[in-house]
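Take a look at the model below. We will go through its salt bridges and then turn to a contact between helices.

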Amino acid sequence: MVVQARHQHRRLFIQLSQLEKARDDLNIEFGRLQLEQATWAESNRIDQVARDRLGMKFPEGAETVVIRP
């Protein structure tokens, strides 16, 4: 019984170590994805993409129309 208990303990410890490593890897990946998301969401990045890829620009004074209720 003692041998069986030790064997099970070793198996569970190995499994725990593997799961902790997987957790650590996921935490690293999550941090990397948060950084990437912050980079893509920066307002100057959005402005640059709108100008370069979509050809958008701020309207001139004469192009602005104010609508009143």
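How far apart in helix 1 are R32 and E29? They are three residues apart, so about one helical turn separates them. Keep in mind that this is a predicted model. R32 and E29 form a salt bridge. Their closest N and O atoms lie 2.7 Å apart. Both partners are partly exposed. R32 has a relative accessible area of 42%, and E29 has one of 34%. The pair does not stand alone, for salt bridges with shared partners join E29, R32 and E36 into one network.

How many salt bridges does the structure hold? There are six. Another of them links K21 to D25. Here the closest N and O atoms are 3.1 Å apart. The spacing along the chain is four residues, again within helix 1, which spans residues 2–41. That means about one helical turn between K21 and D25. Are K21 and D25 exposed or partly exposed? K21 is exposed, with a relative accessible area of 52%. This value is over the 50% cut-off, so K21 counts as exposed. D25, at 38% relative accessibility, is partly exposed.

Now look at R23 and D24. These two residues also form a salt bridge. The closest N and O atoms are 3.1 Å apart. R23 is partly exposed, at 46% relative accessibility. D24 is partly exposed too, at 36%.

Next comes the contact between helices. Helix 2 covers residues 43–52. How do the axes of helix 1 and helix 2 meet? They come within 5 Å and cross at roughly 55°. Why is this pair called oblique? An angle of roughly 55° falls outside the ranges for roughly parallel, under 35 degrees, and roughly perpendicular, 65 to 115 degrees. Helix 1 and helix 2 are therefore oblique to each other.

Which residues make the contact? Helix 1 supplies T39, W40 and A41. Helix 2 supplies S43, R45 and I46. By class, the contact residues divide into three nonpolar, two polar and one charged. W40, A41 and I46 are the nonpolar residues. T39 and S43 are polar. R45 is charged.

Methods: Residues numbered from 1 in each chain as written. Predicted model: local features only at pLDDT ≥ 70, side-chain atom pairs only at ≥ 80, totals over all residues. Heavy atoms only, no water. Salt bridge = Lys/Arg side-chain N within 4 Å of Asp/Glu carboxyl O. Helix = DSSP H or I, 4+ residues; strand = E, 2+ residues; numbered from the N terminus. Buried < 20%, exposed > 50% of the residue type's maximum accessible area, 1.4 Å probe, protein only. Axes fitted to C-alpha atoms, helices over the stretch in contact; angles between N-to-C directions. Parallel < 35°, antiparallel > 145°, perpendicular 65-115°, else oblique. Contact = heavy atoms within 4.5 Å.
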